[in-house]
Amino acid sequence: MKKTIVFLLIFLVVLSFSAAADNGKIIVGIGEEPDTLDPNQTTRFHSYMILSHVVEPLFTLDKDYNVIPLLLESYDWSDDGLKMTVNLKQGIKFHNGAELTAVDVKASYERYFAMSPLANYLPAKNGGIYQIDTPDKYTVVFHFKTAKPLALYHMADAHVSIMPEEWLSNTEAEKIGRTELIGTGPLQLDEWVSGDRIVMSRFDDYNHAPDFISNPGPAKSAQMIFRVVPEDATMMAELMAGNVDFTFDVPPSSVKVLESKPDLRVETAPTYSVQYLAMNMQKSVIKDKDMRLAVAHAVNKEQIAKAAWFGVGKKIDGLINKATIGYWPGVKNIAYQYDPEISKQILSDLGWEDNDGDGIREKDGQKLELTLITFSNIDQWRKAGEIVQAQLAKIGIKINLETAEVGATYDRAETGDYDIGIFRNTWWLGQPYLRFLVHSSGIGSSNYGQWSTPELDKNIEIAGSSMSLAERTEALNEVQKTVVESGVWVPLVSNSNIFVAKDDVVGVDEMLTHPWWPPLMRALLLHKE
């Protein structure tokens, strides 16, 4: 009898611990699986957002987009702007128990310079950091070739997060960001089951969050599980069934239905994310600017915003929108307006006519057919592709629409195997954002127009290097003007952040006070009641 009572007591204790552990778990739905969580390797948005729960850069951004210290106590610039001295916070721990020191910062920056496709502002080759000194355990000195006025913004980017030097040196490259990731963030990587989930747990030694977050650490939730739900319809079903606690990947078509469910909270906010069409300048038919303008005038952005985005998105004139630092209002005065009659006249002037009455123009025996690629698993992109296909058919261009999931579409885009593509990108700072999309260094990777000019490159560089704010502004405005006038890129829609959470998820109100709902706030604040 005594043994039975003891067994029952043990069973009840175990049961209570199990229940407590379950209460500490929160499930996040993600609409795209990361390609990698290595901050120095990825260029994809979902990868960036998820890895930012685990690794941290030296700086971060507050609610007003001011750059503030995260892993350091203080920093100081020399009078000529060529030397920055950083004093690290003492006692910050990595997930493997090692203390953050100056050698870790140096190793992390050197790896970023050597590996990241996004390392285009801070490296020495672009007038940036040519030497990093570590005079003592907690001091780092960055030496710049030229003054870099946007340096702090780039140093607040999680792509240049700090990882332990010893771990980086002793870990096989293919494991970093896939089976292992060590950082100083509030969550630590436990498991990644490809195609299914990424599991992270609370890092109990975390206690250095910036002052604009009420919880300095550790995280409120014991475990955060990112479930991969790539299909919009499946995400909708999972939300309705209560199998996902919150998600930022909500199809706009679902908003009204989700808002009607009393146990769900739906929030929307403007974002700097844009949907755009790019024309591949490696294709001979696209090289003719008049052909590009015919396409641009035939695209009805309002229809895309209403039909593909259900009114949540807004049509845009430039590749960066009003929410992005550096937006030029004048872009609306030069954007090509929707007028399919202009498109028809341009095509006729080019010698493209529908001679056999099949609705497709032809010239010298060649049909005017173009291949358009975009995402199959995101409604707004698949639907935008269908709308553009129908719009261009009205002016006599046959569009062969070929869709695939996000990763496969980007892989194909980087090879140049398409005529037109509808893509997306997002960033809060205009200069690096446009450099990523339209600079010649991105041809073959992130520049899906596969085109640039020396003048365009020059203005992008001035926008990031001039110590004169007026010069930087003028150069960035010129970049925006050139991009639109070229017709290589046709900006379509600026979308909104849509967040859905169960009503028992706590911490949402504080998270919403920051304009872009950063992962650091999500990790530290969101938990179940």
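## The largest cavity

With a volume of about 200 Å³, one enclosed space is the largest cavity here. Keep in mind as you look around that this is a predicted model. In total, the structure holds 2 cavities of 30 Å³ or more.

Who stands around the largest cavity? Its lining is made up of 18 residues. If you would like to find the centre on your screen, pick out Ser52, Pro57, Thr60, Ala156 and Trp516, the lining residues that lie nearest to it.

## What builds its lining

Two elements each supply at least two residues of this lining: strand S2 (59-61) and helix H18 (519-525). Of the contributors, S2 gives the most, with 3 residues.

In character, the lining of the largest cavity divides into 14 nonpolar residues, 2 polar ones and 2 charged ones.

## The second largest cavity

Now for the other cavity: the second largest holds about 60 Å³ of space. Its lining consists of Ala296, Lys301, Asp317, Tyr336, Val484, Gly487, Trp489, Val490 and Pro491.

Which strand gives the most to the lining of the second largest cavity? That is S19 (residues 489-502), with 3 residues.

By residue class, the lining of the second largest cavity splits into 6 nonpolar, 1 polar and 2 charged. Lys301 and Asp317 are the charged members of this lining, while Gly487 counts as the polar one.

Definitions and conventions
Residues numbered from 1 in each chain as written. Predicted model: local features only at pLDDT ≥ 70, side-chain atom pairs only at ≥ 80, totals over all residues. Heavy atoms only, no water. 1 Å grid on protein atoms, 1.4 Å probe; cavity = no way out; pocket = protein on both sides within 12 Å on 5 of 7 lines; lining within 4 Å. Points joined across faces, edges and corners; volume = space filled by probe spheres on them. Helix = DSSP H or I, 4+ residues; strand = E, 2+ residues; numbered from the N terminus.
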